[in-house]
Amino acid sequence: LEGEQILDVRYRLQKMPGGSVALPVLGEKLTEQHLRALRRSGTAEGPCRLTRLQDPVPSKAAGVRTPAQKLRHELRRLVVGSGESWSEELERDVPRSWQRHGDLVLLSEDNFSAALWEKLGPVLWETVASALGAQRLARRGRVSPGGLRSPSVTLLLGQDGWVEHVDNGIRYTFDVTKCMFSPGNITEKLRVASLPCSGEVLVDLYAGRIGYFTLPYLVHAAAAFAHACEWNGHAVEALRRNLALNGVQDRCRIHPGDNRQVSGAARTGRSARCTASCSPALSFQLELRDVADRVNLGLIPSSEEGWPVACRVLKKDMGGVLHIHHNVEALPAAAHQQPAVSRDEPRMTEEAGSVGREDRERECQSPKDTENRGKETWVARVRPEWQRWAEATAMRIRGLLEELHGRPWRTSILHIEAVKSYAPHVHHVVLDLECRPTRP
């Protein structure tokens, strides 16, 4: 029966009166030929026959529900128990996925939109939390427009939205109603953690709202010191807590405010300071120059407004590496017209210069290259649109550096990393760009 996939695993085998055993089968698959073969296998004392049971006993496996199944079952029972009818509309409105942060579950904005849910009142959220094993519930809405990218999250059950999340051994705490946490960036955070940053000074121009990249640079990549820039006051508070949680608060200075702007204090030479509650309405200039071995520009869809600042903070005598995030559009037709380039064999223009083999290998390692050296690894293909954007960016950065310092510089494409698909035909990529002054 198992070999023919006729045994019905949803039900248990049952002992019957007279010592026989009932084997649950799928009636629609059981043919007369199967019955004849089964009867021939019986004994004179107990021939095989087909019978029907009114109340078969479910198997243990059938009794185990997934969290989504359990949630749907409890909600259906709540709706029917309140005198309402369960419908296909309600069935479609029940979430099948969610984010969990400790005892808080974050639901999607696309669920619980039917009018009936509102009629059920607070008992609805208590039922959802109980079914999912949570103490607190929140539902996210659209991300607010503008550079702050603050989440629109409503707390449905519980007193506050502060949660703790562990990611690659790093502890993050943040208020889900004020700050965002993007699990989609995990591959880039792992790659950052593997970069050789020992003894280096990092400037993170967009501190990832809660330290997405600042913390991996400090905790795993062993950067000597980090300057973390962030203009969302709520994220600044979360970043302060996260630095302390991971014991690296003495190796990081937070610069709150909009690092693109020049304040009145900066123009007149006075010191500019901003507290954790500062907003982008307060003009601010980053008081850093000539300090960075490495600059992280982790802002999408584009970090271009921060490129002049990144050039200014790079060490003017030695240069360094920029990690430039960008959303690049790749049209399907164009992608098929030109061959893709291996991401570990980047092309370089004459303007971009070149880089030594050792430096290229060192900078181009992916997390799997570093952690599983010698094992087979997945290699992404660099699309022509990514390569063209990288080459144009390299030329633009070189021009900014030469204008700033009044002497020749070279920029070399070390690596192009695909982080994730951001939208149809739009990919979030990171360019590792080496920038060095040309020796006379």
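These questions and answers walk through a predicted model of one protein chain.

User: How many helices and strands does the secondary structure of the chain come to?
Analyst: The model is predicted. Its chain has 440 residues, and 45% of them count as buried. The secondary structure comes to 15 helices and 17 strands.

User: What share of the contacts with a separation of 6 or more is between residues 24 or more positions apart?
Analyst: One pair shows what separation along the chain looks like. P196 and H220 are 24 residues apart along the chain, with C-alpha atoms separated by 9.6 Å. Among contacts with a separation of 6 or more, residues 24 or more positions apart account for 68%.

User: Is P196 buried, partly exposed or exposed?
Analyst: P196 sits in the loop between α7 and β9 (201-204). Its relative accessibility is 32%. Buried needs under 20% and exposed needs over 50%. P196 therefore counts as partly exposed.

User: Which element supplies the largest share of the largest nonpolar core?
Analyst: This core has 35 residues, and F174, I210, Y217, L218 and L243 have the most contacts inside it. Several elements each supply at least two residues, among them β8 (170-175), α8 (214-219) and α9 (233-245). Five residues make up the largest share, and they come from α9.

User: Which domains each give at least three residues to the largest nonpolar core?
Analyst: The core in question is the one with 35 residues. It draws at least three residues from each of two domains: domain 2 (65-160) and domain 3 (182-263 + 285-330 + 380-437).

User: Which cysteine is in contact with I210, and is that cysteine buried or exposed?
Analyst: Set aside the neighbours of I210 within four places in sequence. The contacts of I210 then include Y172, F174, A238 and C179. C179 has 5% relative accessibility, and the cut-off for buried is under 20%. So the cysteine is C179, and it counts as buried.

User: How many disulfides does a search of the whole structure find?
Analyst: Take C435 as a test case. A disulfide needs two cysteine sulfur atoms within 2.5 Å. The nearest cysteine sulfur to C435, that of C311, is 6.5 Å away, so C435 is in no disulfide. Over the whole structure, the number found is zero.

User: What is the relative accessible area of C435?
Analyst: C435 belongs to a second, separate core of 34 residues, which also includes I324, V328 and L433. In soluble globular proteins, nonpolar side chains tend to be buried together. C435 is buried, and its relative accessible area is 0%.

User: Which element gives the most to the lining of the largest cavity?
Analyst: The search finds one cavity of 30 Å³ or more. The largest cavity holds about 30 Å³ of space. Its lining is D167, N168, I170, Y172, I186, K189, L190 and P216. Both β8 and α7 (186-194) supply at least two lining residues, but the most, three residues, come from α7.

User: Is V313 buried or exposed?
Analyst: V313 is placed in helix α11 (residues 307-313). Beyond its neighbours within four places in sequence, its contacts include V203, L286, L288 and V295. Its relative accessibility is 0%, so V313 counts as buried.

User: How far apart are the C-alpha atoms of V313 and L202?
Analyst: Along the chain, V313 and L202 are 111 residues apart. In space, their C-alpha atoms are separated by 9.7 Å.

Definitions and conventions:
Residues are numbered from 1 along each chain as its sequence is written. This is a predicted model: local features need pLDDT of at least 70, side-chain atom pairs count only at pLDDT 80 or more; totals for chains, interfaces and linings use all residues. Side-chain values use heavy atoms; hydrogens and water are left out. Buried means under 20% relative accessible area, exposed over 50%, partly exposed in between (1.4 Å probe, protein chains only). A nonpolar core is a set of buried Ala, Val, Leu, Ile, Met, Phe, Trp, Tyr and Cys residues joined through side-chain atoms within 4.5 Å. Helices (H or I, at least four residues) and strands (E, at least two) are DSSP runs, numbered from the N terminus. Domain bounds come from an automatic or database domain assignment. Contact means heavy atoms within 4.5 Å. On a 1 Å grid over the protein atoms alone, a cavity is a set of points where a 1.4 Å probe fits but cannot get out, and a pocket is an open set with protein on both sides within 12 Å along at least five of seven lines; lining residues have an atom within 4 Å of a point. Grid points are joined across faces, edges and corners, and a volume is the space filled by probe spheres set on the points.
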